[in-house]
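I opened my notebook to look up a few things about rings, helices and buried spots. Here is what I wrote down as I went along.

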Amino acid sequence: MKKLLAILLAAVLVLSLAACSGSGESTADEGTKEAEAQEAEAEAEEGGETEPAGGNYQTAIDLYQNGVKEYKYKAGEFKKYDEPITLTVNNTHDLDSDTFEAMRAAGEPVENGRWIQYFRDDMNIEWVFGWCESNSADYNQKLTLSMSEGALADVFYVSDQNMIRQLAEAGAILPLTELWQDNVNETLGRIMEEEGTAIYGTGIVDGEFYALPVKMPSTNTYNHCWIRRDWLEKVGMDVPSTMDEVKEVAKAFKELADGNIGLCFSKDFMSEMEGVFWAFGGQQNSRRNQWNKQEDGTIAYAEIQDNMKGGFEWLRDMYAEGLIPQESISMGTYDALANYVATEKCGLFYGPHWYGFQLQNFGFKTQNYGMGSEGEADWIEIPLPKGTVDTVIIPGNNTNDGWYCINANCEHPEAVIQTLNAYVEKLFGENNDFANFFACDLNSGEWNASPIHVLSATVDLDPYWILSKATNKETQEVDESKLYEPGTSYWNYIKAGLSAYQYMFGPIDSCFCYVDETYPQNILWNEYLFIPTQTYTDRWGSLVEILDNYEIKIVTGELDLDEGFAEMVQKFNEAGGAVISEEYNEIYADFTK
Amino acid sequence: MKNKSKKSGWKQFKRNIPLHLMLLPAVILVLVFAYIPMYGLVIAFQNFNAAKGIFGGQKWIGLGNFTYIFTLPSIWRVFGNTLIIAVLKIIFGTLAAITTALLLNECSSKGVKKSVQTMIYFPHFISWIILAGVFTDILSPTDGVVNSFLGLFGVKPIYFLGDNKYFRGTLVVTDIWKSFGYNSIVYLATITGIDPSLYEAASIDGAGRWKQVWHITLPGMSTIIILLTILSMGNILNAGFDQVFNLYSAAVYDTGDIIDTLVYRLGLQGAKFGPSTAVGLLKSIISLVLISSAYLIAWKKFDYTVF
């Protein structure tokens, strides 16, 4: 009896598996037929209102090349509905964050914050937050789950272009080419196209514009070099302007105290410290998606070009000389910063400007304007030191932080674009209320409390310019009578002790001093801003792993620079890189001819 | 005769209805969480588009996802790593557990025995997320305890978690440290079950402690040792996702990247549900074959049956 039961159980297990695969095969045809029928039915029902992927190719190219030609809504205009309407949103807010909790306690919950009230009062639109998730990996998982359940909000944030393709192919999102041109107002159009109309390419799938880029300042693609001025004084050295000098400074800093390190490094170095590569002519950007135009007119992937080798050589030497700690090669960036910068073991690191917030969170204060106390860490940002180039070229995207897609079942899709019209008027329009809506006492990122947003390309440069003009650089005195918004707000943040605003946007020794010197004349714009091809989607993850694996071995000296680099490029191309390059060049040629 | 056994079976079932009812919630849970989700295996044969939903009109691609997996540049490295790490863990893990059980059995002080047992049992309950942080600190080449100690003997700092030469060894040793206490329980229980008169007889015959262990304890444990080793074959493709995921980095992909970490990167980070389901299915089939074979061997050779 026992044996019989055992055999039966085993048989059930095996059969159930066989049945699964068997039923998969037997129902395959049925499934396809069913799918075809459903698609045909959906098409018939929609009557062309919700076009599946494959719209008017020329219209999309036109939008990509020329942008919006005629605006139906002038600057300052947006639609107000006669009857209240409701829109729901999924996005990356952390609704339980300390900031939002503080706002809640102060009587302004994000669910009924100033933005929600503004859209309600001025537009008759009631915005409701659906599920939100601040962690991008968790957000994508939830989004995928909602996609498969058909439970998406009216408008939702998407960070992965492959998802846009999937959503478009499934008919789950609305095509926007016409909707956009019919509803966008002049202010929003100007902001979206401020750094070129190519940004529309990021949302085009098979000839139809499907996803609204969340436009952000492209100055976000900068990488900066941060250094401790008080340590420079201690070791009697000047601010380094060459990579050789940076190495000497790193050596001196390491010798300052036991346990010190030379340079803060992490496994994410390719996306967090590109400035090292730029110093030697490398042209990769922080998102590792830079495709640059070659002499023959084609485009090529930046990370596998020979001009990257100079940066690798410098890092390899730093590692060999013990100026980069061994364990940092497997550390994440924030761990590395917390381990070395926060604990004052390191006085030199590379990173984007928002690392200023890290310094602030670690408790560092600005020592400029007579603030801070003697003996405290004095972090400043310096112009990117040069290696072998005369001018440091900054590879950058026409930046957007993801996209907004509109659910195919949304009853008022135009209201999404109208909301963005209203949003930009509040921040950047002629009658803006920047001071109250960009930031407030309890939320320095109030602009991001809106259900949806886009920002002007110069949103970070504007306050810098205003502050800079009002500041005497010698005496570090700021003439407040010369300040106006948004400069006034930023100066108030600095005075209130938010040192991040000095590190990032302050008039002296800040990241934006360097941005101001170099933007946009030193920017090398990414040439490929389209939805990735299927080969890219299938292969890119593996290709990046090949690069990661080889690059770290080159830095640690496990592989010879020239041989290792050549082998890496060969493997990259063999594993699909060459095919992707061909496909990208075809698309690029189509859109730019 | 047949009728009689049928009747007695039915009678037995009726008599045990309360017990069967108590079993019902567990059966339902298994059905809901293990059997019904097996429908998801169809994704392995589809070009899965999440936006169409699992019951939507997905495109069937036959074995396309399996072909895709086997054309991934890292697939053979990943299979190799998984097998090597899992086999090393099984061999050394078993040895460590047996040795511990033997040593504990020889310990005459009850207090010491219980204290040691509790101490070595404890790491089993700590998650790898926490342990990864602890090991990263302990094994740091800059200021880690281990390298500081090695430095006393003139050994240059070793980066155990970032050097391909040491990474697998580090995985095996840290895994054994975490689990040997827990794993030794079964062996200790087996030793307790050995007839004490055998030791008395051996002692009268002049056998010392070592000879008693060699000729009585180990032979007494042999069945369970072989049995547990064979049953662990079902885990041959599980090299420990939690541990590897929290300790590895691109620097040690060559020796540390395993099937589960690849599936994680493919499925959750890359949103490639088709290929990652295909890998999962493949792994399940191999494990099913191995565990069935192992069960068959255990049944035929050692007369061990579950039912």
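**Notebook: rings, helices and buried residues**

At 22% relative accessibility, B:Phe273 goes down in my notes as partly exposed. I should say early on that this is a predicted model.

**Entry 1: aromatic pairs**

I looked up the total and got 69 aromatic pairs over all chains. I picked B:Phe48 and B:Phe273 to look at: the ring centres are 5.9 Å apart and the planes meet at 80°, so I noted the pair as edge-to-face. The cut-off I needed here is that planes over 60 degrees apart count as edge-to-face.

Where do the two rings sit? B:Phe48 is in the loop between strands S1 (46–47) and S2 (59–60) of chain B, while B:Phe273 belongs to helix H14 (residues 273–302) of chain B, so this pair ties together parts that are 225 residues apart in sequence. B:Phe48 is buried, at 11% relative accessible area.

Next I checked B:Phe70 and B:Phe79, and that pair is stacked, with 6.3 Å from centre to centre and 10° between the planes. B:Phe70 is partly exposed at 32% relative accessibility, whereas B:Phe79 is buried at 14%.

**Entry 2: a cluster, and charges over rings**

I found one aromatic cluster in chain A whose members include A:Tyr64, A:Trp291, A:Tyr528, A:Trp540 and A:Tyr584.

Then I looked for charges over rings. The charged end of A:Lys426 sits over the ring of A:Tyr118, 4.5 Å from the ring centre. In chain B, I noted B:Lys300 over the face of B:Trp299, 5.0 Å from the centre of that ring.

**Entry 3: two helices side by side**

How do H23 and H24 of chain A pack? Helix H23 (residues 534–556) and helix H24 (residues 561–592) have axes 10 Å apart, at an angle of about 170°. That makes H23(A) roughly antiparallel to H24(A). I also sorted the contact by class and got 15 nonpolar, 4 polar and 5 charged residues.

**Entry 4: helix H20**

Which residues of H20 (residues 487–495) in chain A are buried? They are A:Gly487, A:Ser489, A:Tyr490, A:Trp491, A:Tyr493 and A:Ile494. I traced what these buried residues pack against in chain A: helices H18 (434–437), H19 (461–469) and H21 (499–505), plus strand S15 (477–478). Just after H20(A), I spotted A:Gly497 with a positive phi of about 100°.

**Entry 5: A:Thr533**

I found A:Thr533 in the loop between strand S16 (523–525) and H23 of chain A. Buried or exposed? A:Thr533 is buried, with a relative accessible area of 9%. Leaving out neighbours within four places in sequence, I listed A:Arg165, A:Tyr528, A:Glu583, A:Tyr584 and A:Ile587 as the contacts of A:Thr533. I had already met A:Tyr528 and A:Tyr584 in the aromatic cluster.

**Entry 6: A:Tyr200**

My last stop was A:Tyr200, in the loop between helix H9 (186–192) and strand S4 (204–205) of chain A. A:Tyr200 counts as buried, at 0% relative accessibility. I checked A:Gly67 too: A:Gly67 and A:Tyr200 are 133 residues apart along the chain, and their C-alpha atoms are separated by 7.9 Å. Not counting residues up to four places away in sequence, A:Tyr200 touches A:Leu63, A:Tyr64, A:Gly67, A:Val68, A:Trp180, A:Met192, A:Glu193 and A:Phe209. A:Tyr64 is one of the cluster members from Entry 2.

Notes
Residues numbered from 1 in each chain as written. Chains lettered and ligands numbered in written order. Predicted model: local features only at pLDDT ≥ 70, side-chain atom pairs only at ≥ 80, totals over all residues. Heavy atoms only, no water. Phe/Tyr/Trp six-rings, centres within 6.5 Å; stacked < 30°, edge-to-face > 60°. Helix = DSSP H or I, 4+ residues; strand = E, 2+ residues; numbered from the N terminus. Buried < 20%, exposed > 50% of the residue type's maximum accessible area, 1.4 Å probe, protein only. Lys NZ or Arg CZ within 6 Å of the ring centre and 35° of its normal. Axes fitted to C-alpha atoms, helices over the stretch in contact; angles between N-to-C directions. Parallel < 35°, antiparallel > 145°, perpendicular 65-115°, else oblique. Nonpolar A, V, L, I, M, F, W, Y, C, P; charged D, E, K, R; others polar. Contact = heavy atoms within 4.5 Å.
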